[in-house]
Structure formats: C-alpha cells, structure tokens
Amino acid sequence: MRICPLCEATCGLTLTLEGTRVTRARGDAEDVFSRGFICPKGAAFGELDGDPDRLTGPLLRTDGGEFREASWAEAFDVIAARIRPVIEEHGGDAVGVVLGNPNVHTMAGALYPPLLLAALGTRNLFTASTVDQMPKHVSSGLLFGDPFAIPVPDLDRTDHLLLLGANPLESNGSLCTAPDFPGKLKALKARGGTLTVVDPRRTRTAGLADRHVAIRPGADAALLAALTHVLFDEELVALGELAEQVEGVDEVAEAVAAFSPEAVADVCDVPAAEIRAMARELAAAPTAAVYGRVGNSTVEFGTLANWLVDVLNVLTGNLDRPGGALFPLSATSPAPRTPGPGKGFALGRWKSRVSGHPEAKGELPLAALAEEIETPGEGRIRVLITIAANPVLSAPDGNRLDRALAAGLDLMVSVDPYLNETSRHADVILPPPPPSRSAHFDFAFNGFAVHDQVRFTPAAVELDADGMDECEIHARLVLAVGGMHGADPSAVDDTAVARLLARAKVPDPAALAARLTGANGPERRLDLMLRLGPYDGLTLDALRAAPHGIDLGPLKPRLGQVLKTRSGRVELLPAPIAGDLPRLRRALDVRRDPNAFVLVGRRHLRSNNSWLHNVPALNSGSNRCTVQIHPQDAERLGVTTGAQVRVRGAGGAVTAPAEVTDTLRRGVVSLPHGWGHDRPGTRLSVAGAKPGVNVNQLLDGSLLDPLSGTAVLNGFAVEVEAVQRHGAGAPGEAPQEP
C-alpha cells in the first residue's frame, strides 16, 4: 500500500513489485478516503519511481565547474565547512531558503524545514506559496486569526457549489483534498445540486456546470464584491448561527456599496442580470459553498478575492455548517483550544532588504529572490538552500534568477532528485530516494481534507545499501548548518520531541516519551503528534494496524475552536483588507483596449508544475505546451493551429505553437505553467526532448498582490503576434515543439 504523493488528492495506491521495482500502480479499493480512485499521475507512479534520470547519490561541483559523484559523508563535510564561516561572518540572513511544492508531499518536507530555519536564524524564506496560494493564507489569517484555518467545501453534502478559478477535473483539487473530485461534482448534480463555474476557459470542470460564467481574467474580486453587494442590497444576508461569532457585517456592507452589478459588469464582462441571478441562487440554496483557487489567487487582487470567497460563505450562513464550508480536523492538529480571544495574525513583521516587500506568514515573495542575491550590501543572500524547488521555472523572470544563481552565490545546496534548471547551479546536490523507499504521512493535506481521516504507509521498498532516507538527509543538513556536523541525526528528532512535549505541558513527559513507537526519529515524532492530537487513542501502532486508513467521520462545525483573532470572533473587515479595497474600486474605471490580450495559465491532469515532465507516460497526449487562442483572434492574427506565435510581456517573450480553440473567450490566450526545459546542463532526457517554453519569463516580477506578495501569473496583459515562417525569433525564444 502507498499514498500517492503526486498531487493533493492523496489517493491510496496498491503497488505491484518485482524485486525492488514498482511494475504497476492501481487504486486501493479499500482505502477509506479514495475508495479505489486513481488518476494518470498515480498510475504512472512506478515510471516516476524508476526514472533512470533520478540521481542516486550526492553530486559535488568540481573546481572546473563539472559535477562528480561523492559519498554522503563528503557532501555534508563540504556543506558544513563552507556554510558556517558565511553565517559567522555575515549572520543567518546571509542564507536564503527556497521550499518547493513537493515538500508538502513528504514527511521530511513537513517535519524538518522549520528546524533548518531555526538553526540558520534566517528570515530569508521563499516558498511556492507566493506563486500559488499565499492570498488564501493571508485572508484566513486576517479573518480567523490563523493562516492555516482554511475552510473547505463540504463536497459530499452541499446543495450548491460556486467554484472560481479552479479546474479540479484537471488539478484534482487544491487546498481542498478530495480524491475523485470529478465524481463528487457528478454526485452533487445527481442529487439535484447546482454547480456554477467561473472561468474564462470552458474547462472540463466548466463542462459539468449548470452555469458557466466566462469572466474576463483577473476580475474575480470585482465579481465577488458585486455578489456581496447584491446580498445586502436585496436583503439576502442570513448569518444564522454565525451571528454571535461575527463582527464587521455593517462595515462590509458599506465597503462594497460601490460594487453594484451594474458598476462591475463591464470590468467582468458579465451582465449585471447574471450577477444578480448568481447571488440569489447562492442565497436561496439550502446549503452552499464558495470555493476559489489558483485562478483567483495569482491575480492582481488575489487576497481580496480570497477574502470575499469567505465573506460570501459567512453572509449566507454557510461557514462552519454541514453542506457549507467547514474546517477539517487533522489527526496531528493540536488538541482543540478553548474558544476565546487569541494572538491574531499580523502582516509585514519584517520586510525584504531590497524592495521592502512585507513578509506574509514568515515568507518573502519568491519574485524577490533574484534581487536579494544580486544587490550588494549588508544582508545580501550569499548562500542558497533549495529543497524540492525549481524557481528558475516557477518564479517570474527565470532568466534573471538563472544569472543570479550562476554568478552571485558563495554556496548553493539543493535537496532534489534531479539535475534540473535550478539544481544545475548547486555546489552540492543531495538526492532523496524514490518515493517507494520512503514512509508517507500527509501532515499538510489532512488539514484540507473534505472528510476527516488518517492514513500512514511505510516504505514499500527497502533503501539501497548506499542510500539515505529523505528524513535523515534533512536531519544531517540541520546539523551541518547549525554547527553540529557529525552528531547523530537522531539528536535532531530527540530535540524536536523534547520541545513538543514541553509545549504540550503533559503531566509526565518522560513517561509519554518512553511509550513512543516508531522505527526512527520521524516516526516517533509522528506518534507523539498523534497521541497529543484531537482524537483519543490514536497512535502510530493503530495506523500500522489499519493499512487502508482510519475513517474519522465527516467534517463537523468547530469555528469556536478555530478562531484565534484578538476579538475571538470572525473579523469580517480587517484593516489591511479595508485599506486595499480602494485599489479595487479604482480598477472599475480603467478603460480596456478591446483588441488587447491577457494571458491565463492552465492545468493538465498529467502534470504538476515542472516536476513530472520527465515521465514519458505523463509527458504525452493533451499535456502540451501550446498557446491556446480563440478562433476569431487567430483569424485576426493570421494564425492556424501549429503555427508559431510570439507572446511578449514585461519580462520578455516566448515563442510556441498555437492551438486554436473556442474553449476560451476572445482576447484571452493560455499557456501552461512549469515548462521551459531547454537550458543546458540538466539531466532530464524526456523533458528536454519536449521542452516547451517558460510562461513565467513573460513577467519581470514587479507585479504582485500587495497584501500577500504573490506574483500575478494570471490576467496580465501580453502582446501576441504571428511568427513568420522564416523567422526564428530573438535569442532565447526559438520556436518550441509541442
């Protein structure tokens, strides 16, 4: 048995092994959560696991710039010898840390980065969140006092789902862990429910909708504000049992007074009558949930859009009730707190050195990484540690970051299984083993699951004799940067256990520590978190005895346990939100060129950002890097399917094949995220054969959502032109094969 680590759905897999090789992966029909569901990514688990391009041991850069194989001991010796002098001379902030998306799919990525940051003493943390989901964390922090208190739609019981900027039939869901999301949407419709999808593209998800609203990209916040306006204007607000737990309702009514459907219709390109109908349907539904994701996070008003999603859930009485949007209770969450005031959530506790970007949730914008390396002066990043991250492709203006990594660092360490576009700049690469050789527990995604459950799977295949477990790699890295190189890596986990016991204030911590089971330090830490968690009697041994998982029941109302605001209530109009609303109001007056183009991204079922493109089974079919364009726009430009088109933005230009399709609205072009595998010095034979182009190269990194620091990757203006047959484009933008 194995939990799939390749997307947020966390489906259970049954693996077939021949020796140490995974020859087949199928859905686990007995899994308490996924019930046998599997997608193409899970089915390709064995191909990913056995990818011949995966690194099998550490690599060190030689004086001549080439890589050579090294032992684990030698690799950590180099890290310890070179990083400590930099920290001692320049301080912890001379080290930057980048955490990529795959971190949250592993036990190591959940347990060790906080310890690494503490050992370094750095504030220069950059993660994938600021090119993805940070607006949701910020809005939740401001509303509920906790950036991880993210309500999810109760998909199995809701009567009405309003879905914006999400395509779960391709993505399998995000910040909403739901195996077989497509089946849940079909079940919603089968029981007489309503699905409304807001998306400028007619995606597979939109194809299921009762109402598909083809909004102008980037206008989500304006549309949501108008829906909120209608609830007040037509006296449809009904907080129900939430009334005593919410403050600021009247202030929200005043704040959205200018956002009538008539005022926003031109900006959204949605008729005012349709906006009013959407609001009425939402208010009239017996239960309803509003859910938004990447498409309304990675836009100019991302935090406002995410805030308004939950404002609508509150004003219709659907927050924290069955069939609405509820807060999951993970098995490793702290035991529920007593309702009452908390410490609240603050933004901008420090700022980035160069451009003064405020931190959010302890992180700085990934878009600012290059300038923090390039710009001389005290506090410059001199050492970079990347863990499961490929920011050369995921951050705006990868060319600039590429140059900064090549010339601006004293040391770079990458924890990564591949020699990719980013890790090729590292001095030391520490590759984790294939996923079949690691135990698995979903610390992060259980906190976003649409049904409470808990599952643990041990490693399916033993490590090779010269391999090193991913958790041990992380623990040894913590020791190397913290001045304890050479100590037993179990010391890192022992310290973590002691700190957790001290915070928990249990009557007899020594006795509890003695009862912990587990084959190693990370498993002992998991066992302790389960024992201290909200479910009595839950232990690691109990999970081992239930290989298909333990069902903890449907989501339950628990808002009082979740709230950590200073008032102890939902603060519906936080000051930072109120301060940003005038910017949205001014956007209503901006005149738009009807012939101008804006760009949106798109997801593929066979892809997950850049890290699955080296798997042949997943780099095929519809998973292609093409510029989708509406037939009328294509005709105007003289473009046909397969012809090369050049797309230009503030950060540069890319050239790729056109795909003429009426599945997106006029004036919109679409390029998928995560491509651009054409840089020299990588070992990605499959991805390199079909490199595609890096859509983020169209951005210069200057356009950010101001509250969250999230890069605007959707709904930004671009120029599009046909490329003449004899033209090859400017250097760096040669035509690419799909």
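Which residues line the second largest cavity? The lining consists of Leu366, Ala367, Ala370, Ala395, Pro396, Asp397, Arg400, Leu401, Asp700 and Gly701. The model is predicted.

## Overall fold

The protein chain contains 27 helices and 28 strands. Its C-alpha atoms fit a box of roughly 70 × 70 × 55 Å along the principal axes. The radius of gyration is 25 Å, which agrees with the value near 27 Å for a compact globule of 738 residues.

Burial is extensive by count: 61% of the 738 residues are buried. Take the contacts in the chain with a separation of 6 or more. Residues 24 or more positions apart account for 75% of them. The chain exposes about 26800 Å². Carbon and sulfur atoms supply 50% of that area.

## Cavities

Rolling a probe the size of a water molecule over the atoms shows where empty space is left. The structure holds four cavities of 30 Å³ or more. The largest has a volume of about 90 Å³. Its lining has 14 residues, and Lys136, Pro151, Val290, Tyr291 and Gly292 lie nearest the centre. Three elements give two or more residues to this lining: β8 (152-153), β13 (289-292) and α15 (302-315). By class, the lining of the largest cavity has nine nonpolar, two polar and three charged residues.

The second largest cavity encloses about 60 Å³. Its lining divides into six nonpolar residues, one polar and three charged. Asp397, Arg400 and Asp700 are among the lining residues.

## Glutamate 523 and methionine 107

Is glutamate 523 buried or exposed? Glutamate 523 is buried, because its relative accessible area is 6%, and the cut-off for burial is under 20%. This residue sits in helix α22, residues 521-532. Beyond neighbours within four places in sequence, glutamate 523 contacts Ala439, Phe456, Thr517, Gly518, Leu540 and Arg544.

Methionine 107 belongs to helix α4, residues 107-111. At 4% relative accessibility, methionine 107 counts as buried. Setting aside residues up to four places away in sequence, methionine 107 touches Ala439, His440, Phe441, Phe443, Phe456, Cys471, Pro522 and Leu526. Ala439 and Phe456 appear in the contact lists of both glutamate 523 and methionine 107. Two of the residues that methionine 107 touches, Pro522 and Leu526, fall within the 521-532 range of α22.

How far apart in space are methionine 107 and aspartate 132, C-alpha to C-alpha? They are 21 Å apart, with their positions 25 residues apart in sequence.

## Positive phi in two loops

Most residues other than glycine have a negative phi. Arginine 35 has a positive phi of about 55° although it is not a glycine. Arginine 35 lies in the loop between β3 (21-27) and α1 (40-43). This residue counts as exposed, because its relative accessibility is 53% and the cut-off is over 50%.

Aspartate 320 also has a positive phi, near 65°, and is a residue other than glycine. Its place is the loop between α15 and β14 (325-326). Aspartate 320 counts as buried, at 11% relative accessibility. Helix α15, at one end of this loop, is also one of the elements that give two or more residues to the lining of the largest cavity.

Conventions. Residues are numbered from 1 along each chain as its sequence is written. This is a predicted model: local features need pLDDT of at least 70, side-chain atom pairs count only at pLDDT 80 or more; totals for chains, interfaces and linings use all residues. Side-chain values use heavy atoms; hydrogens and water are left out. On a 1 Å grid over the protein atoms alone, a cavity is a set of points where a 1.4 Å probe fits but cannot get out, and a pocket is an open set with protein on both sides within 12 Å along at least five of seven lines; lining residues have an atom within 4 Å of a point. Grid points are joined across faces, edges and corners, and a volume is the space filled by probe spheres set on the points. Helices (H or I, at least four residues) and strands (E, at least two) are DSSP runs, numbered from the N terminus. Ala, Val, Leu, Ile, Met, Phe, Trp, Tyr, Cys and Pro count as nonpolar, Asp, Glu, Lys and Arg as charged, and the others, Gly among them, as polar. The radius of gyration is taken over C-alpha atoms; the globule rule is 2.2 Å times the number of residues to the power 0.38. Buried means under 20% relative accessible area, exposed over 50%, partly exposed in between (1.4 Å probe, protein chains only). Contact means heavy atoms within 4.5 Å. Accessible areas come from the Shrake-Rupley method with a 1.4 Å probe; for residues, only the protein chains shown count as cover.
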